[in-house]
There are 2 protein chains.
Amino acid sequence: MQKKYFLPEADIPRNFYNIIADLPFAPDPPLHPATRQPVTPEDMSPLFPMNLIEQEMSGQGEIPIPDEVREAYAVYRPTPLIRAARLEKALNTPARIYYKYEGVSPTGSHKPNTAIAQAYYNKISGVKKLITETGAGQWGSSLAYACQMFKLECTVYMVKVSFQQKPYRKTMMNLFGAEIYPSPSTRTRSGRAILENDPDCPGSLGIAISEAIEEAVQNEATKYSLGSVLNHVLLHQTVIGQEAKAQMEQAGVFPDVVIGCHGGGSNFAGLAFPFLRDKIHGREVDVVAAEPLSCPTLTRGKMEYDFGDSAGFTPLMNMYTLGHNFIPPTIHAGGLRYHGAAPLVSALLQHGLIRAQAFRQKDIFAGSTLFAQTEGIIPAPESAHAVHAAIAEAENAREAGQEKTILFNLSGHGLLDLSAYEAYLNGQLQDETMKETA
Amino acid sequence: MQKKYFLPEADIPRNFYNIIADLPFAPDPPLHPATRQPVTPEDMSPLFPMNLIEQEMSGQGEIPIPDEVREAYAVYRPTPLIRAARLEKALNTPARIYYKYEGVSPTGSHKPNTAIAQAYYNKISGVKKLITETGAGQWGSSLAYACQMFKLECTVYMVKVSFQQKPYRKTMMNLFGAEIYPSPSTRTRSGRAILENDPDCPGSLGIAISEAIEEAVQNEATKYSLGSVLNHVLLHQTVIGQEAKAQMEQAGVFPDVVIGCHGGGSNFAGLAFPFLRDKIHGREVDVVAAEPLSCPTLTRGKMEYDFGDSAGFTPLMNMYTLGHNFIPPTIHAGGLRYHGAAPLVSALLQHGLIRAQAFRQKDIFAGSTLFAQTEGIIPAPESAHAVHAAIAEAENAREAGQEKTILFNLSGHGLLDLSAYEAYLNGQLQDETMKETA
């Protein structure tokens, strides 16, 4: 039985797929926090180059991928689609489980898909340096990699506690030529203000965003870069789902269920949007976003206009949110600790085109341990949510005696997150639940 | 330009290639240390099952790979062959550089190729448990993975200092179900003897081998397993070179130079032996073993009968050796710190069919850093020796204006060895040279 489906490099998608063109509703625009009017391209121009702002606001269904970006993707794309035959056997399920594996990228996750595109569009706009923040380091290392491909400088504000606890991610960013500063730092006004009050502050993603934005807007030749949530980021990730559709065709199947883990929304959207195109046009497919019970944005958040960051620097976005002051408990799936959800994903949920499920950390690791033992790939803790949701679907199919076809996004490997597995195997994992904080 | 060459799963090799059948000389047999007579299958039977002993002593050119082993290989094989087009560009060389990438395996190296075969042959012989030693953990994690595939128990004696310093490798072994003991341990007579003299002993590979062998021979249902050096281990690794040959044909080229890093000899042999078959039959190809200058077995060792371990438990093997009491300096390429070389590789060097080169640690990391930045894969410190040798060949080709075709084995990734890169980037790498010790 064939397990792995590859495509030739010539089949790297030629267009990004923009789901906005197919939506049966008009998405709500982001609003300027002062005027409550829709933000204009000019409002966003201190942060992003105009070509990315155009993509952010575009209603065009197919946006051509430049040759330089496809050439850069060819380092690791097309990524494989794999049939989880040994996992199916272990589960004794009649379901067929397929996964799209993005962990073959240079930084081990789907993040370079947008990092490469963003670096390219900034480069051709004359930008010299990109500035960003990172929590656990997945995004920071991907932007570092993309910047050195296109010969841009890169500065990363890394949450101080991660900077101290995740030396390997820091090394990877150094290797790819980025400058890294633990945040809060003394380099920015916002960083200094925080350190004055609390010299031992461990930092937060919200603080790191503030520092990155503060530095980015000081200079015409420096811009800011974000790794999820925004329309253009989700757009770039649709290379995942487009390839997966071609590979599922190669395997002679179409999925009954499509699953992605959900933090800010980009890996979920990347796989799901091209299949949602079919759904919108009448084909039946169940699309599931899997999130942690400790940060249940989609399952317990409210759909309302809220800030993207804790400091309130960003435009207001209409999205499922736990409140921009919500501080989720520390869990190993650091990439899923975000108070909001991408506005596009939120709108799809609100309109019933997708559904969401929340899972406990312990169950997640039980599923991903079985996956590692059978499929030979150790999932990233974030991706483990999709693994677990797929296993749950396959078990339901067994109970119901259904020959379901399940597809999920294995968005990254967990080789730099093995301490999480160590905690799980030692019985030290806490089952965190959501805590409300001011 | 096409960069990646994949083969379908149906093209996983159907035979292991045994170079002994093609050798223009008879290899010297291992000798019993007491009698100095060639060891018999019975001599080896306490350690290995008879089917592996037969492979160890076989002169048959093609040994069929059982379906169960090919099925287990299909989790990650065939591995990709990749053209290092971005590296070529960075080097401004007319040379074409290709690499066979074994880091896609579950444990990130070529080691599962033999671990899977060994687990299978032990399983069908009625063995219940395999026992081995590991230094940095690459081999231990691979055997752990293979044992859980074939439902064998697995015990690993891990050099104590690595056990303490490499928690991620330990976690990986735990995840795959192995029992791990820091060595020296109180579980064996040899371990207890050492701890009595030196309770804080940090351990060594030699001590760990002694403990593993001592436990393995106590019980009919337990056997010992070794990850390199022996004929049957090299034999299993020839799946690498057989696939690479098919993929080079797909690319329409045959290599002028074939390069592998050399510690015990198995990844080098795995790539090189199938090409040496052509060389023996008249085709020109330069075959290079790349080793560390700090443990220069092939370039500065003597060809003579010596023990495989420091305690003198193993048969005497005719090989290039620095002496079984040689203790190489601590370098980051832990897998290349072995005093001897595989007898088959040694004989090939002695007869001029291959050549060897030794490199400095700092140069190695400079090369692998450039490789990571261009090709997007961070090489294991061991594999980095092959990367560096390939870069040196490509630079020579540039100076000479030659359109050379270079093939090397990227035997593993360095994601669990990033501390070595950290030391390099911080300028803390010492250029260790060989020290003679008693």
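Analyst: A crossing is called left-handed if the near helix is turned anticlockwise from the far one by less than a right angle. In this predicted model, that term applies to the crossing of helices α12(A) and α14(A).

User: What makes α12(A) oblique to α14(A)?

Analyst: Helix α12 (residues 266-280) and helix α14 (residues 343-350), both of chain A, have axes that come within 11 Å and cross at roughly 50 degrees. Angles under 35 degrees count as roughly parallel, 65 to 115 as roughly perpendicular, over 145 as roughly antiparallel, and the rest as oblique. The angle therefore makes α12(A) oblique to α14(A).

User: Which residues make this contact, and how do they divide by class?

Analyst: From α12(A) come A:Phe268, A:Ala269, A:Phe273 and A:Leu276, and from α14(A) come A:Leu344, A:Val345 and A:Leu348. The residues of the contact divide into seven nonpolar, no polar and no charged.

User: Why is α15(A) called roughly perpendicular to α17(A)?

Analyst: The two helices pack at an angle of about 105 degrees, with their axes 10 Å apart. The interval for roughly perpendicular is 65 to 115 degrees, and α15(A) is therefore roughly perpendicular to α17(A). In the contact, A:Lys362, A:Phe365, A:Ala366, A:Ser368 and A:Thr369 of α15(A) meet A:Ala420, A:Tyr421 and A:Tyr424 of α17(A). By class, there are five nonpolar, two polar and one charged residues.

User: How do you know that the span of α15(A) agrees with its number of residues?

Analyst: Helix α15 (residues 361-375) of chain A has 15 residues, so at 1.5 Å a residue it should span 21 Å. Its end C-alpha atoms are 20 Å apart, which agrees. Among its buried residues are A:Ile364, A:Phe365, A:Ser368 and A:Phe371. Just after the helix, A:Gly376 takes a positive phi of about 75 degrees.

User: How do you know that the span of α16(B) agrees with the expected one?

Analyst: The 17 residues of helix α16 (residues 384-400) of chain B should span 24 Å at 1.5 Å a residue, and the end C-alpha atoms are 24 Å apart, which agrees. Buried residues of α16(B) include B:His385, B:His388, B:Ile391 and B:Glu393. After the helix comes B:Gly401, whose phi is positive, near 65 degrees.

User: What makes α17(A) oblique to α8(B)?

Analyst: Helix α17 (residues 418-425) of chain A and helix α8 (residues 167-175) of chain B pack at an angle of about 50 degrees, with their axes 9 Å apart. That angle makes α17(A) oblique to α8(B). The crossing is left-handed. In the contact, A:Leu418, A:Ser419, A:Tyr421, A:Glu422 and A:Leu425 meet B:Tyr168, B:Thr171, B:Asn174 and B:Leu175. These residues divide into five nonpolar, three polar and one charged.

User: Which residues of α8(A) are buried, and which glycine follows that helix?

Analyst: In helix α8 of chain A, the buried residues are A:Arg169, A:Lys170, A:Thr171, A:Met172, A:Met173 and A:Leu175. A:Gly177 follows, with a positive phi near 90 degrees.

User: Why is A:Ser210 called buried?

Analyst: A residue counts as buried under 20% relative accessible area. A:Ser210 has 5% relative accessibility and therefore counts as buried. Its place is in helix α10 (residues 205-216) of chain A. Not counting residues up to four places away in sequence, A:Ser210 touches A:Ser190, A:Ala311 and A:Phe313.

Note on methods. Residues numbered from 1 in each chain as written. Chains lettered and ligands numbered in written order. Predicted model: local features only at pLDDT ≥ 70, side-chain atom pairs only at ≥ 80, totals over all residues. Heavy atoms only, no water. Helix = DSSP H or I, 4+ residues; strand = E, 2+ residues; numbered from the N terminus. Expected span 1.5 Å × (residues − 1). Buried < 20%, exposed > 50% of the residue type's maximum accessible area, 1.4 Å probe, protein only. Axes fitted to C-alpha atoms, helices over the stretch in contact; angles between N-to-C directions. Contact = heavy atoms within 4.5 Å. Nonpolar A, V, L, I, M, F, W, Y, C, P; charged D, E, K, R; others polar.
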